[in-house]
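Got the structure open? Here are some exercises to work through, each with a solution that goes step by step.

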Amino acid sequence: MLTTPRTRSDWEAKAAAIEPEGRAFIDGRYVPALSGKTFAKASPIDGRTIAEVADCGADDIEAAVKAARAAFEDGRWRLKPPAEKKRILLRFAELIRADLEHLALLETLDVGKVISNSLSVDVPFCADCIQYYAEFADKSFDEVAPTGPNDLAIVRREPLGVIGAIVPWNYPLIITAWKIGPALVAGNSLVLKPAEQSPLSALRLGELARQAGLPDGVLNVVPGFGEKAGKPLALHPDVDMISFTGSTEVGKLMLRNAGESNMKRVALECGGKSPHVVLADADLDAAASGIAWGIYYNQGETCHAGSRVIAHASIKDELVRRIGEIAATQIPLGHPLDPAAQMGALIEKGHMERVLSYIDIGRQEGAVVARGGNRVMAETGGYYVEATILDGVRPEHRVAREEIFGPVVAVTAFTDESEALGMANDSIYGLAAAVWTKDMNAAHRLTSSIRAGTVWVNCFDRSSLATPFGGFRQSGFGRDRSPHAIEKYTDFKTVWTAYS
């Protein structure tokens, strides 16, 4: 279990004293929205307002894009020597680490995740990601193509220009780093639009980047609502690419906006409905642990959460029992500032109601609520739902097909491998999957046939910055993480010289 040296009362005292920055960060400084408007940012922990945040719109996006374009065109970042880029990005990573407690508290207050995870996962992973891409600054090479003796053809990778990065509220620090790390090392400038539910840590990153030496205008952070700030960014004719993580529904709008504007490039990481295929010979303790943590970690608000369990009929009931036992004994739901808690609050009231409505839909469709199913801790004013298991789910049920994005797992039985494979692939999504078996022949058959961007065998959610992350089908296209992520923020230029 993740631990922290502080008590809940210590964190609550620190939270009471914090004054989050809510202004936009444009061209190297904090500025209010040009309209002067703000919106109240409430914490899902207890519903209380924790900051007034700039309610930015099209004019603010225009200012940020203008600053980013100027920074790109004059080469203040793009043309820096590789060693200098590396030095600045490494300094940025170290400043993130030095700001650990502040950033972790902002993240927990903003989105309701438990403080132990913010401290040990979100902030460190953000810093590690920036550091990882910093190391590529002086280790990337262009190519020389084969030609005749009197020609020289150099194939160069060049930055695209101004990148619009739109990030979600479930892992603000981590997913922001996944985008700005490779985009910056490639030499681009950025306009970052955090989700309106989670702007605080992104606004802090803008200042830390400036302190690290990133030139003004290279990284701009514009908070605001999707229709007022995200849409103008996606439609802006001087933005060269949109890198988006969020729902499939909004991802499709990004494609439409790109086509209606300047045919900008789009990279999408969207929804998921990831299956666990558990064969009869699986290690049930390992499978139950992987399934429980894979759906209840971060309250199930994870795009690749293992929200479907496709279990062999002979072991399904025992597996359900063990999942429930692990949820009860190892993943306690509690106040997010309590270091002992491993599940916290859902992001907002509307989302909590959506999750609860899916539990009701499961009941109506004939599923059995084997565990949980209720709102709890309502007296806090926050938005908490128990770890929930829906058993007896059929493949055609909505709870087996639609993304719930909460602590709810749907369990379906199968009798033969081909049936299980059909169920696993019977989805509009293809972000991730897992196979649990002691038979490596079966594991290889299934991993080669399941349509998903990541397939784990006898584990779940193990990852590294060296491996790409993204999906098939309506889970999107393009990859975050790994060296391959840099590629999408660049394009090829051929320089052909003829010698007499």
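**Exercise 1.** Is phenylalanine 460 buried or exposed in this predicted model?

*Solution.* Start with the cut-off: a residue is buried when its relative accessible area is under 20%. Phenylalanine 460 comes out at 11% relative accessibility, so it counts as buried. Now try tryptophan 456 in the same way. Its relative accessibility is 7%, so tryptophan 456 counts as buried too.

**Exercise 2.** How do the rings of tryptophan 456 and phenylalanine 460 sit relative to each other? And what about tyrosine 132 and phenylalanine 136?

*Solution.* You need two numbers here, because a pair of aromatic rings is described by the distance of the centres and the angle of the planes. A search of the whole structure turns up 8 aromatic pairs.
- For tyrosine 132 and phenylalanine 136, the ring centres are 5.2 Å apart and the planes stand at 65°, so that pair is edge-to-face.
- For tryptophan 456 and phenylalanine 460, it's 4.7 Å from centre to centre with 55° between the planes, and the pair is tilted.

One more thing to spot: Tyr132 and Phe136 belong to one aromatic cluster together with Tyr133.

**Exercise 3.** Where is serine 482 found, and which residues does it touch?

*Solution.* First, place it: serine 482 is in the loop between strand S21 (476–477) and helix H16 (484–487). Next, check the surface: its relative accessible area is 0%, so serine 482 is buried. Last, look for neighbours, skipping residues up to four places away in sequence: serine 482 touches Tyr132, Tyr133, Leu465, Ala466, Thr467 and Pro468. Tyr132 and Tyr133 should ring a bell, as both are part of the aromatic cluster from Exercise 2.

**Exercise 4.** Which residues of the largest nonpolar core touch the most other members?

*Solution.* This core has 80 residues, and the ones to pick out are Phe92, Ile96, Ile130, Leu184, Leu190 and Leu214. Then ask who supplies the core: helix H5 (residues 115–134) gives the largest share, with 10 residues. Zoom in on leucine 214. Leaving out residues up to four places away in sequence, leucine 214 touches Trp77, Ile88, Leu184, Ala209 and Leu219. Apart from this core lies another one, of 30 residues, including Ala288, Ile291, Ile315 and Val411.

**Exercise 5.** At what angle do helix H8 (residues 226–235) and helix H9 (residues 248–260) pack, and what makes the contact?

*Solution.*
1. The angle is about 45°, and the axes are 8 Å apart.
2. That makes H8 oblique to H9.
3. On the H8 side, the contact uses Lys231, Ala234 and Leu235, while H9 brings Met254, Asn257, Ala258 and Glu260.
4. Sort these residues by type and you get 4 nonpolar, 1 polar and 2 charged.
5. Now look at H8 by itself: Ala229, Gly230, Pro232, Leu233 and Ala234 are buried. The buried residues of H8 pack against helix H2 (58–73), strand S7 (162–166), strand S8 (189–193), strand S10 (241–245) and H9.

For a contrast within H9, take glutamate 249, which is found in that helix. At 64% relative accessibility, glutamate 249 counts as exposed. Its C-alpha is 8.7 Å from that of glycine 271, and the two are 22 residues apart in sequence.

**Exercise 6.** Are helix H4 (residues 100–111) and helix H7 (residues 200–212) roughly parallel or roughly antiparallel?

*Solution.* The two helices pack at about 155°, with axes 8 Å apart. Angles over 145 degrees count as roughly antiparallel, and H4 and H7 are therefore roughly antiparallel to each other. His102, Leu103, Leu106, Glu107 and Asp110 in H4 meet Leu200, Ser201, Arg204 and Leu208 in H7. By type, the contact splits into 4 nonpolar, 2 polar and 3 charged residues.

**Exercise 7.** What is the phi of asparagine 298, and where does this residue lie?

*Solution.* Phi is near 60°, a positive value in a residue other than glycine. Asparagine 298 lies in the loop between helix H10 (284–296) and strand S13 (308–312). Its relative accessibility is 3%, so asparagine 298 counts as buried. Asparagine 458 also has a positive phi, of about 55°, and sits in the loop between strand S20 (454–457) and S21. With a relative accessible area of 36%, asparagine 458 is partly exposed.

Key: Residues numbered from 1 in each chain as written. Predicted model: local features only at pLDDT ≥ 70, side-chain atom pairs only at ≥ 80, totals over all residues. Heavy atoms only, no water. Axes fitted to C-alpha atoms, helices over the stretch in contact; angles between N-to-C directions. Helix = DSSP H or I, 4+ residues; strand = E, 2+ residues; numbered from the N terminus. Parallel < 35°, antiparallel > 145°, perpendicular 65-115°, else oblique. Contact = heavy atoms within 4.5 Å. Nonpolar A, V, L, I, M, F, W, Y, C, P; charged D, E, K, R; others polar. Core = buried A, V, L, I, M, F, W, Y, C linked by side-chain atoms within 4.5 Å. Buried < 20%, exposed > 50% of the residue type's maximum accessible area, 1.4 Å probe, protein only. Phe/Tyr/Trp six-rings, centres within 6.5 Å; stacked < 30°, edge-to-face > 60°.
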